[in-house]
Structure formats: C-alpha cells, structure tokens
Amino acid sequence: SESVKEKKMRMVILKICLFLSAIVLITNCSKDKSKDRSLIQIKARGYFIAGVCEDFPPMCFRVQDVNELIGFDIDLAKETAKRLGIKVQFKLINWDEMIAALNRGDIDTIWSGLTVTDERENLLEFSRPYLKNRQIIMLLKDNPVNNLNMLKDKKAGVQNESSSEIALNSYVKLIKRLKEVKKYQNNSQALNDLATKKIDAVVIDEIAGRWNMAKKPGTFKILTDEIEKTPYSVGVRKNDLTLKDALDKILDVIKNDKTGENISKKWFGDNILIQ
C-alpha cells in the first residue's frame, strides 16, 4: 500500500501541477488580450463603423427631407470618436441582422439603443451601460385597460428581434394571456397599428415610447406595470477587448462631465446617463 510519505509527495506534485496550470491559464488570457489589435487597427484606419437603425428616435433617426442621421446615440458616438482622436461612420442595418453584421466585420460597434440581455451576452461583448431604460406597454389613451391582467385576449405588437421581444417572451404569464403577438420591422409600424386599433398594445423601450408620446400628445398612455429594466450599452465583437476597454474609459468620462449632461438634456430634457 502507499506510504504516508508517498501520499504527501503525490499531494505536493498535484498542487504544483495545479499552480502551473493556473499560471499558464493566466498567461494565455493575458496573451489573448495583448494580441487583440482591434483598437490599433481602428486608430490606423482613422474611423470606426457604428451600426445603427434609422428609425429609433430619439436614439437614432433621419430628419425628413434631409440626408442626415441625428439622435442621442449619434451625438454620443461622435463625441466618443472625437476623444479617441478618430472619426465615426454610421452604417444602416436592419435591426434583426445587427449582431450578424457585427460578427461578420461589416461594422465595428452596434450603437443604436442596444439593450443588454443574457442572450446577447453569448454573442457579443458589451460596454458598461450608459443610459437608463426599461420595457413598457403602451396603449391608446382611451383604452380602459390599466394593468397587465386586463390584457387577457388582447393583441400586442413588438419590434422583431428587439429587447422588447426578448423581455415579452420571458414574461410567460403575459404571453399566455395575450390572444396574439404581432411582430414588426420597427416601432413606428407597431405604433401606427396601435393608433388605428389594429392591435391593442405595444411592448416598447420606454425611451422610444415616451418620445412618440411627446410627438402625439393625448394619443397614448403607459401602463404603470413595467416588464423589465433594460439599460443601453454599446456592442462590440467578443475578441475586441482593447476597443471595449477604450470605449468604457471614454464613456465613463463623458457620463461624468458637462458634455454628457448636455447631450442627455438635449434629447431628454434631463440627465438620464448612468453615472
């Protein structure tokens, strides 16, 4: 049988092996990050490409009859690029193709009211959140429904492949109550159907919802019951760690200085940046 001395020796060898394995793992992780050239390549190029949706006011949208994108995210991305010493180019992509476009290399970031979700965390890397948001339910002002229970047998609309759809799908009790969930390419289409009573409710980001309410005073209302808190973040590829670190550092500075406050107040009338 194995002697006490041999057992002790075996334990010592095992500990040494575990220690060396940990060193190798840490070294490999460090090497992986040191090999990441995403920030160097973008700075050498002189610009990064931000994937955006052109119909998501006030985050990003196109002024009628003017070939120019404006919005909160547009201003924030421009300010971030300026502090990186480079430019930003905006590329329009359908929302349901955004993550695929990022991972193909068509864009460098998703910068268009992107919500942090568990599902998306498996597919991309997020910057630290920069803006407060939540998922809400909008109805017509004269609709007698005033809580989630009263949505039984009602028709709801939601933007396809959006965080609103993800939040709604995770709310199993609500899904079971609803008669139908209709999916739309964008929020504007869903709200148009709500206004014409083709559907009874729309699940939407609060920021987008309140923007549309302000444009049509007295038309819509919001249920007091919220579905989920969903802050906004910038999406980058899983391996673009140096780019993510640079974005985090700059966004932290912007969030805490006058520039960030001014951008927020310009679009929301208040500073709702996450400090």
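This is a short chat about the cavities, cores, strands and cysteines of a predicted model.

User: What kind of model is this, and how are residues numbered?
Analyst: The model is predicted, so local features need pLDDT of at least 70 and side-chain atom pairs count only at pLDDT 80 or more, while totals for chains, interfaces and linings use all residues. Residues are numbered from 1 along each chain as its sequence is written, and side-chain values use heavy atoms, with hydrogens and water left out.

User: How many cavities of 30 Å³ or more are there?
Analyst: There are two. A cavity is a set of points on a 1 Å grid over the protein atoms alone, where a 1.4 Å probe fits but cannot get out. Points are joined across faces, edges and corners, and the volume is the space filled by probe spheres set on them.

User: What volume does the largest one have?
Analyst: About 110 Å³.

User: Which residues line the largest cavity?
Analyst: Among them are C53, D55, F56, W95, S112, G113 and D205. A lining residue has an atom within 4 Å of a point. By class, the lining has three nonpolar, seven polar and two charged residues. Ala, Val, Leu, Ile, Met, Phe, Trp, Tyr, Cys and Pro count as nonpolar; Asp, Glu, Lys and Arg count as charged; the others, Gly among them, are polar.

User: Which elements supply at least two residues of that lining?
Analyst: β2 (55-56), β6 (109-115) and α6 (163-170) do. Elements are DSSP runs numbered from the N terminus: helices are H or I with at least four residues, strands are E with at least two.

User: And what lines the second largest cavity?
Analyst: D55, F56, P57, N187, S188, A208 and N212. β2, α8 (187-195) and α9 (206-215) each give two or more residues. The space is about 30 Å³.

User: Back to β6. Is it buried or exposed?
Analyst: Seven of its seven residues are buried. Buried means under 20% relative accessible area, exposed over 50%, and partly exposed in between, with a 1.4 Å probe and protein chains only.

User: Which strands does β6 pair with?
Analyst: β6 pairs with β1 (residues 47-52) in the parallel sense, over two bridges. Three bridges join β6 to β14 (residues 232-236), and these run antiparallel. Two strands pair if DSSP finds at least two bridges between them.

User: Which residues are bridge partners there?
Analyst: G51 partners I110 in β6. L114 partners S233 in β14.

User: What about the sheet with β2?
Analyst: That sheet is open, with three strands in the order β2-β3-β4 and antiparallel pairing. β2 and β4 (69-70) are the edge strands, each pairing on one side only. Two bridges join β3 (residues 60-62) to β4, and R62 stands opposite L69.

User: New topic. Which residues touch the most others in the largest nonpolar core?
Analyst: F48, F72, I110, W111 and Y130, out of 56 residues. A nonpolar core is a set of buried Ala, Val, Leu, Ile, Met, Phe, Trp, Tyr and Cys residues joined through side-chain atoms within 4.5 Å. Helix α10 (residues 241-255) gives the largest share, six residues. Another core of 15 residues lies apart, and I137 and L168 are among its members.

User: How many disulfides?
Analyst: Zero. A disulfide is a pair of cysteine sulfur atoms within 2.5 Å. For C53, the nearest cysteine sulfur is that of C60, 6.9 Å away.

User: Are C53 and C60 buried or exposed?
Analyst: C53 counts as buried, because its relative accessibility is 11%. C60 is buried too, at 0%.

Terms used:
On a 1 Å grid over the protein atoms alone, a cavity is a set of points where a 1.4 Å probe fits but cannot get out, and a pocket is an open set with protein on both sides within 12 Å along at least five of seven lines; lining residues have an atom within 4 Å of a point.
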